[in-house]
Amino acid sequence: MNDWLLALLGTLLFVALAPLFAAWVKRVKCWLQNRSSPALLQPYRDLRRLFSKQVVMAETASPLFVMTPYIIAGATLLAAAVVPFIAVNLPTAAIADVIVLAGFFSLARFFLALAGMDVGTAFGGMGSSREMTIAALAEPAMLVAVFTLAMVASSTNLSTVIDQILAQGLVLRPSLLFALLGLMLVGIAETGRIPVDNPATHLELTMIHEAMVLEYSGRHLALIEWAAQIKLLIYGVLIVNIFFPWGIATHNSVTALAIGAAVVFFKLMVLGALLAVGESVLAKMRLFRVPAFLVLALTLALIGLLSHIILEVG
Amino acid sequence: MSTSLLLAVTLVLPLLSGVVASAADHRPALMRGLVFPLLGVAGLMAVGLGGHALLQGTSETLVYPLGLPWLHWHLRVDPLAGFFLALIGFVVTAVSLFGPGYVREFEHGKQSLAVLGFFTGLFVSGMLMVVVAADAFSFMLAWELMSLSSYFLVAYQHRNAANRRAGFLYLLMAEVGALTILLGFGVLAGFGDGFSFAAMRAAPLTPAWASIAFALGVFGFGMKAGLVPLHAWLPEAHPVAPSHISALMSGVMLKVAVYGFIRFSFDLIGNVHWAWGVALLIIASITAVFGVLYALMQHDLKRLLAYSSVENIGIIFIGLGLSMIFYGTGFPLLGTLGLVAALYHTLSHALFKSLLFLGAGAVLQRSHERDLDRMGGLLRRMPWTGLFFLVGCISISALPPFNGFVSEWLTFQTALQVPSLESGVLRAVIPLAAAVLALTGALAAACFVKVYGTAFLGQARTRRVRRSNEAGRGMLLGQALLALACLLSGIFPTLAIDAMANVTRSLTGQVLPAATAKGWLWLTPISADTASYSAPLVFVGMLLALLAWAVVNFILRPAGRVVTVRSDAWDCGFGPLSARMQYTATSFSMPIRRIFAPLWPGQADAERDARTGPGSEARQTRYQVRTGDVTWKWFYRPVVQLLHATTRRVSRIQTGNLRHYLGYTFVTLLLLLWLIT
């Protein structure tokens, strides 16, 4: 019971911190670009403002349009619940393994793409079409990267994977290195960051994610934005906790949890800074360059998989 | 003996419904009052009979004094047959609810209702009999009954030349497949000294002959199931049949082929070789990705669903291929996992594909439209059909917590167990198949976003679609039944896998002990540490999300705590949007068509027809994309050319001169005499 409570608290903390991570990335980006940055609490203010505003909905919107933000938020929350954040071996991790995690993202994306086509504007359909195209290439790359991990640890449960990597100690595995690179590229594509998509854009023809949510406003938009921030944090936590799990709490004492929290904070700060650097030095790609980017991710992940099979087994 | 009688009644009832239907031309009310109810009762009895055998794990062989004098009909209800019997029965029940409303449009048509009802009865009876047949003779008889009667259903609307062509293609390929199956049985019967399955099972096969039999089986059953490149009849035949028949053909008849394959290779041939599994895995992976890519390119709804059936058959055979590899290399537990994954996907696909075809039928009947590019906004006009169709789309896109996800998840789990294999090649091939499966799943999701988004969401693109209304109650009930089954088999995978244990036990003597070891809440196929999935908890999570929606919508909003206003959609300030500005199915799949363009060289064919007016601006521009099936070019045309060349050579001896023919007769007689002495 205690474990379940802890898992619930961990998830709440995760969800609460997600906007902060987005704000941190933005702040580093502003520093790099010599701009003055918004406050770290700005995303929270935005969310509060959106939640309190009235919803303006298109006349043609169907009930699916209204339900979609809740479904997206629900699926993303479930995903956040199963990712080991500060501690491993929590009971919620058994609800879903890493393939189901990818399934949660697919579910959210499926409904978001449908909602984009619901109102019947050209932009919505454009965004949906692009999003599903990118996802069709990103998802296999993500799964192959994940398969590498699963084979290294002979498990697809995230907790077990982290335990295994902790137990094996600091060894350089080429497979994990390639998987890490692949997963980072996929993460960039899936969370709609530069160079695949630009979260700050409002230039209609280049939009992907923003084109789908163009018709959303008020609390619906708040839910979707929050879910996007949570998704970004999930990818961040996946990367830092699987590939660099040292410091994560393996038992539930207060000191272990405090150390785990501090370490994961630090790791995420570094990762966020890296992401900001990447976003500052790269320009957004043309849409039809993105497949090459994702095929690169897939190839890296496949190389990781094969190098595990050929070099590390047997 | 009661089972014997029950089985006989189950098989005869559809025939009876066919006979009754013969009178339906004069009294159309018979279809509603007797023909479909009889089918429904037969379906329920099949569910009961099959479910009993499946859950009890019993197998009973029944001999009926029919057929050849020296070979009575052997019918056997074992767990494997029971599983498929129940599956067929369930879909037939749903179709019998859907049918009466759907065939109403044929009542005043040019085609005869009697023909439709008669052959539907034969078709259902044939399918039910295939899965219980226990000797090659009754199997082939039932198989032909199924193939031939479905030919008449495919060619039902025969006034359209394309339908006649599709029917002929179907008949041709079905017969070639049946011949191959017959040859396969011939190999087994030759070694096993008898046509009953019991004798074939005991046949001492050399590896070479076993491989030949297996190859014949793959070809014959694969042709019926739709493995690439033997699938060409499928996208032609399935769309042109009446929709409830399409549901039966795609949902169930392909599964009968899967049944035949499992029975033939796992049961009759027995000792599977791992190399067969590798071959099957490669064919199946190609089938899966080929099917989904072609499905994405279609804008005819029923044709799209037919190509998607090709994809799903690929996924089923990936599971079977993995299973063979693991059985053949001495990992029976993992082999069983692969088999369970394949069976689960068989179940899932039967449910959601029937559901989608019934939904397509409802749309077709109400809007008279099969072209996705002309639909739109149907959710508003047909809300219930829209809801059930959405369930089908979510299931087929392999999204949790529905059933398609469970079966793909199980297939992934099987594929991830490769480190236990010793051969490096196998260890490299299987993950590639898993990557292909991942790609297939993601493309399928894109495909069904396209389908649902263009057909049910957005705004109506034509007047007929704008004026369509909700389907009748019976039609909705049939869809509701299947949608509920999709949901339940997605939420309670542990119960379904427990039931399947008897199938694998009777087939290979293996079960998955750990799969449900932690209770019904947790699905842990290998062990709790390796992988776990709790579909019920995921479902509860999603239910909570919907509850939040309900609270906001039904409590907070009426109380005035939150405000929602309606306004125009964002049109960039230019003026009103029209329905023609929406993304169509063709435009939705354009990026994917462009990315995968190398896969169909010269096939994606854009055609522009711009008639320029007095100014230099185009007055009329047409944009059309045709995607022909590439297997016609690479596989069928060479085969046909070879056939033509050979026949031309052979026909040289046909001189038309009497003396030559007499000469042939003389030479033949001489040869025979020489042979006899």
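Begin in chain B of this predicted model by selecting strand S1, residues 60-68, together with strand S2, residues 71-77, and you will see two strands that run antiparallel and are joined by 7 bridges. Between S1(B) and S2(B) lies a hairpin connection of 2 residues. To look at one facing pair within this arrangement, show the side chains of Tyr64(B) and Trp73(B), since Trp73(B), in S2(B), is the residue that stands opposite Tyr64(B).

Next, select the whole of chain A. Here you will find 11 helices and 1 strand, and if you follow the chain along its sequence, the elements come in the pattern α-α-β-α-α-α-α-α-α-α-α-α. The radius of gyration of chain A is 19 Å, close to the 20 Å that the globule rule gives for 314 residues, so chain A is as compact as a globular protein of that length. Turning the view along the principal axes, you can see that the C-alpha trace of chain A spans about 60 × 45 × 45 Å. Of the 314 residues in chain A, 62% are buried, and among contacts between residues at least 6 apart in sequence, 80% join residues at least 24 apart.

Now select the strand of chain A, S1(A) with residues 55-58, and add S3(B) to the selection, because the definition of pairing asks for at least two bridges and these strands pair in the parallel sense over 4 bridges. Within this pair, Val56(A) stands opposite Val565(B), which belongs to S3(B).

From there, widen the selection to the contact between the chains, to which chain B gives 66 residues and chain A gives 67 residues. Which elements of chain B give two or more residues to the side that touches chain A? Among them are helix H16 (403-415), helix H21 (535-556) and strand S3 (564-567), while the largest share, 15 residues, comes from H17(B). If you colour this side of chain B by class, it has 46 nonpolar, 14 polar and 6 charged residues.

Finally, select the largest nonpolar core, which has 373 residues, and in which Ala141(A), Val144(A), Ala301(A), Ile88(B) and Tyr452(B) touch the most other members. The largest share of this core, 21 residues, again leads you to H17(B). In soluble globular proteins, nonpolar side chains tend to be buried together. As a last stop, centre the view on Ala301(A), which, not counting residues up to four places away in sequence, touches Ala141(A), Val144(A), Ala145(A), Thr148(A), Phe178(A), Ala179(A) and Gly182(A).

Key:
Residues are numbered from 1 along each chain as its sequence is written. Chains are lettered from A and ligands numbered from 1 in the order in which they are written. This is a predicted model: local features need pLDDT of at least 70, side-chain atom pairs count only at pLDDT 80 or more; totals for chains, interfaces and linings use all residues. Two residues are in contact if their C-beta atoms, placed from the backbone, lie within 7 Å. Ala, Val, Leu, Ile, Met, Phe, Trp, Tyr, Cys and Pro count as nonpolar, Asp, Glu, Lys and Arg as charged, and the others, Gly among them, as polar. A nonpolar core is a set of buried Ala, Val, Leu, Ile, Met, Phe, Trp, Tyr and Cys residues joined through C-beta atoms within 7 Å. A residue is buried if 20 or more other C-beta atoms lie within 10 Å of its own, exposed if 12 or fewer, and partly exposed in between; C-beta atoms are placed from the backbone. The radius of gyration is taken over C-alpha atoms; the globule rule is 2.2 Å times the number of residues to the power 0.38.
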